[in-house]
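Q: I'd like a close look at one part of this chain, please. Could you walk me through it in a connected way?

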Amino acid sequence: MKKPSSNPRSKVRRKTREELNQEGRERKREKKHRGNVSGSRANGGGESSGTGKGKLQKDPRVGSKKPIPLGVTDTPVNKQHKPKSEKPMLSPQAELEMLETDERLDALLERLEEGETLSADDQAWVDAKLDRIDELMQKLGLSYDDDEDDEEEEGREDMMRLLKGGN
């Protein structure tokens, strides 16, 4: 069914080519400016435009925020101080036994006995180890002559028995 028009005799005016072109241009211009402003993702959008300037945004990056110097710096970097001895503290007796069974020390002492000359580093190392052995023996109350003293005392006792005539 057709609706009756208010003015049945009125003609519909057709638009000219110029008017159609102009309307098309306006539609295109409106369509072109739809969407977001350029750079909205990089600039953070329009959320904090003006209202949050006094408040700093939290940095979304994870990790340390401590600045790292990239060039050569004159200030030395603070390193953690390590204890002098990395080895656990040994008793003087255990340390003395360890030094007496040291293979490197034995090898270097054998080379010295054979008449070889050691390098300055090796000689300094041997001297340091021998000094440490002397210190430990003094702490423990030992001396190099302990074994010889025992043999001399036994020899004296044997001589005394022989002189007295008791076998």
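Is D106 buried, partly exposed or exposed, and what is its relative accessible area?

A: Happy to take a look with you. Please keep in mind that this is a predicted model. D106 is partly exposed, because its relative accessible area is 32%, which falls between the 20% limit for buried and the 50% limit for exposed. The residue sits in helix 3, which covers residues 103-113. On the surface, D106 belongs to a patch of negative charge together with E103, E110, E113 and E114.

Let's follow helix 3 to its contact with the next helix. R104, which lies in helix 3, pairs with D122 in helix 4, and this links parts of the chain that are 18 residues apart. The pair is a salt bridge, with 3.1 Å between the closest N and O atoms. The two partners can be told apart by their cover: R104 counts as partly exposed because its relative accessibility is 41%, whereas D122 is buried because its relative accessible area is 18%.

Helix 4 spans residues 120-140, and another salt bridge ties it to helix 2. Here E95 and R132 meet, with the closest N and O atoms 2.9 Å apart. E95 is in helix 2 (residues 92-100) and R132 in helix 4, so the pair bridges 37 residues of sequence. E95 counts as buried because its relative accessibility is 19%, while R132, at 25%, is partly exposed. Salt bridges with shared partners also bring E135 into one network with E95 and R132.

L130 is another residue of helix 4, and it counts as partly exposed because its relative accessibility is 30%. Its C-alpha atom is 9.7 Å from that of E100, although the two residues are 30 apart along the chain.

Now for the wider setting. The chain has 5 helices and 0 strands, and buried residues make up 7% of its 167 residues. The whole structure holds 6 salt bridges. One of them joins E23 and K15, with 2.7 Å between the closest N and O atoms; E23 is partly exposed at 28%, and K15 is partly exposed at 44%.

A word on confidence may help your reading. The average pLDDT of the chain is 76, and 65% of the residues score at least 70. Among the elements, helix 1 (residues 17-32) has the highest mean, 92, and helix 5 (residues 146-164) the lowest, 63. Where pLDDT is low, the predicted coordinates should not be read in detail.

Terms used. Residues are numbered from 1 along each chain as its sequence is written. This is a predicted model: local features need pLDDT of at least 70, side-chain atom pairs count only at pLDDT 80 or more; totals for chains, interfaces and linings use all residues. Side-chain values use heavy atoms; hydrogens and water are left out. Patches are made of residues with over 30% relative accessible area and no salt bridge: like charges are joined within 9 Å, nonpolar side chains (Val, Leu, Ile, Met, Phe, Trp, Tyr) within 5 Å. Accessible areas come from the Shrake-Rupley method with a 1.4 Å probe; for residues, only the protein chains shown count as cover. A salt bridge is a side-chain nitrogen of Lys or Arg within 4 Å of a carboxyl oxygen of Asp or Glu. Lys and Arg count as positive and Asp and Glu as negative; His and the chain ends are not counted. The place of a charge is taken as NZ of Lys, CZ of Arg, CG of Asp or CD of Glu. Helices (H or I, at least four residues) and strands (E, at least two) are DSSP runs, numbered from the N terminus. Buried means under 20% relative accessible area, exposed over 50%, partly exposed in between (1.4 Å probe, protein chains only). pLDDT is the predictor's confidence in each residue, from 0 to 100.
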